[in-house]
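Please work through the exercises below with the sequence and the structure open beside you, and try each task before reading its solution.

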Amino acid sequence: MLSELGKKLAERWLSLLVLPGALYLAVGATALTLGQAHPFDLHRLTGQITSWAIAPATGTAGGQVVLLAASLAGAAAVGLAAQTLGSLTEPLHLAADWPIWPPGLRHLAQWATGRRRTRWTDAAVSWHRHRDEAAAARARGARTTPLPRYAARAAMTRISPERPERPTWSGDRIHAVAVRLERDYHLDLAALWPHLWLSLPDNVRTEISAARQALTRATTLTAWAVLYLLLVPWWWPAAGITAALVITSWRRTRTAADTYATLLEAAVRLHARDLAGQLGLDCDSLSHESGDALTRHLTPSAPPRPPDDTTSIGRPRSAREDSSH
């Protein structure tokens, strides 16, 4: 078991940290060698590599071991830096707490959210109009072509699946799960999810964990884009690598967020009733009433009201006062 665990850890360490870090070090060495004046001079690059290869330090076994160890350590350090920076870029992609961002970012997020909300409202009005027309046609015994209705819905969901509350599509896609569960069953996802997670089958938790890890990896690509952007002052082609990583991160983050949100919502709809049964609640099917009961049962009580007598703050209570409480 320990042998297999070591192999798994080595594979993850190699794939997540060392290989991307080694590629970054290679691009960094290329940037420093070629510079802005000779960005694509392969002869200059191969010559420099040859001079490094025939250096006396690399001609001995000890020197090669030291060089390999230094390269692995440097690649791992760059990979860790990208992972650390990725923990900062993920909140920017999901923007769950944008109202408490610093003033500059907060105002930008507020503007982006308002702009997306205005566009979404126009698209939603168009979609509902097509739905009403289709319903009126069915009432007359006729049918309308569904293509305009499908196109209107696609235009709406490209902006946000629900009314935008965050500045990014990925953030709104995950937030839409909480909105829909509250609307359909009066379920509070924040209160429900920790308890539901502990009761989910192993295969369901594996799928959700894999989707969450895919989302983290997708947002980490933005961190790699920032690191490659740092090479642009020395080698301008790094700007192309940065742009490619930004586009890839944007597309993968949207796909991963959609998959993760879909699995979250499906898990709640499939297993919330089982959780209610484990808690001893009478729940034949999910409804507003059963959702209210489950939410009340799982929501922790609020902290007690502080004493109104502010003069007692900081004064130790007597044993009689403690016993009365």
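The exercises that follow concern a predicted model, and each task comes with a solution in steps.

**Exercise 1. The chain as a whole**

Task: Find how many helices and strands there are in the protein chain, and state what share of its residues count as buried.

Solution: Begin with the secondary structure, where the protein chain shows 11 helices and zero strands, so that the pattern read along the sequence is α-α-α-α-α-α-α-α-α-α-α. Next turn to burial: of the 325 residues of the protein chain, 34% count as buried. Then consider the surface, which comes to about 20,200 Å² of accessible area, with 63% of it belonging to carbon and sulfur atoms. Finally, look at the contacts between residues at least 6 apart in sequence, of which 68% join residues at least 24 apart.

**Exercise 2. A buried aspartate and its partner**

Task: Decide whether aspartate 172 is buried or exposed, and find the residue with which aspartate 172 forms a salt bridge.

Solution: First locate the residue, which lies in helix H6, made of residues 169-185. Its relative accessible area is 2%, and since buried means under 20%, aspartate 172 is buried. Then list its contacts, leaving out residues up to four places away in sequence: aspartate 172 touches Arg116, Ser160, Pro161, Arg163, Pro164, Glu165 and Arg166. Among these, arginine 116 is the salt-bridge partner, with the closest N and O atoms 2.4 Å apart. This pair links distant parts of the chain, because aspartate 172 belongs to helix H6 and arginine 116 to helix H4, 56 residues apart. As a last step, check the partner: arginine 116 has a relative accessibility of 9% and also counts as buried.

**Exercise 3. A network of charges**

Task: Starting from arginine 180 and glutamate 162, and then from glutamate 265 and arginine 269, work out which residues the salt bridges join into one network.

Solution: Take the salt bridge between arginine 180 and glutamate 162, whose closest N and O atoms are 3.1 Å apart. Here arginine 180 sits in helix H6, whereas glutamate 162 sits in the loop between helix H5 (147-159) and H6, 18 residues apart, and the pair thus links distant parts of the chain. Arginine 180 is buried at 17% relative accessible area, and glutamate 162 is buried at 12%. Now take the salt bridge between glutamate 265 and arginine 269, with the closest N and O atoms 2.9 Å apart. Both of these residues lie in helix H9 (residues 238-278), four residues apart, which is about one turn of the helix. Glutamate 265 is buried at 11%, but arginine 269, at 30%, counts as partly exposed. The last step joins the pieces: salt bridges that share partners connect Glu162, Arg180, Arg183, Asp184, Glu265 and Arg269 into one network.

**Exercise 4. The two sides of helix H10**

Task: Identify the buried residues of helix H10 (residues 288-298), and explain why they can be said to line one face of the helix.

Solution: The buried residues of H10 are Ser290, Gly291, Leu294, Thr295 and Leu298. Seen down the axis of H10, these residues fall within an arc of 130°, and therefore they line one face of the helix. The face turned away from this buried side carries the exposed residues Glu289 and Arg296. To finish, ask what the buried residues pack against, and you will find H6, helix H7 (189-199) and H9.

**Exercise 5. Nonpolar residues inside and outside**

Task: Find which residues touch the most other members of the largest nonpolar core, and which residues form a nonpolar patch on the surface.

Solution: The largest nonpolar core has 29 residues, of which Leu187, Leu192, Trp193, Ile208 and Val268 touch the most other members. H6, H7, helix H8 (202-229), H9 and H10 each supply at least two residues of this core, and the largest share, 10 residues, comes from H9. Apart from it lies another core, of 16 residues, among them Tyr24, Val78, Leu221 and Trp235. In soluble globular proteins, nonpolar side chains tend to be buried together. On the surface, however, Leu92, Leu105, Leu108 and Trp111 form a nonpolar patch with about 430 Å² of accessible area together. Helix H4 (residues 103-139) gives the most to this patch, with three residues, while leucine 92 is found in helix H3 (residues 61-94) and is partly exposed at 43%.

Conventions. Residues numbered from 1 in each chain as written. Predicted model: local features only at pLDDT ≥ 70, side-chain atom pairs only at ≥ 80, totals over all residues. Heavy atoms only, no water. Buried < 20%, exposed > 50% of the residue type's maximum accessible area, 1.4 Å probe, protein only. Contact = heavy atoms within 4.5 Å. Patch = residues over 30% accessible without salt bridge, like charges linked within 9 Å, V, L, I, M, F, W, Y side chains within 5 Å. Areas by Shrake-Rupley, 256 points an atom, 1.4 Å probe, with all protein chains shown as cover. Salt bridge = Lys/Arg side-chain N within 4 Å of Asp/Glu carboxyl O. Arc of directions from axis to C-beta. Core = buried A, V, L, I, M, F, W, Y, C linked by side-chain atoms within 4.5 Å.
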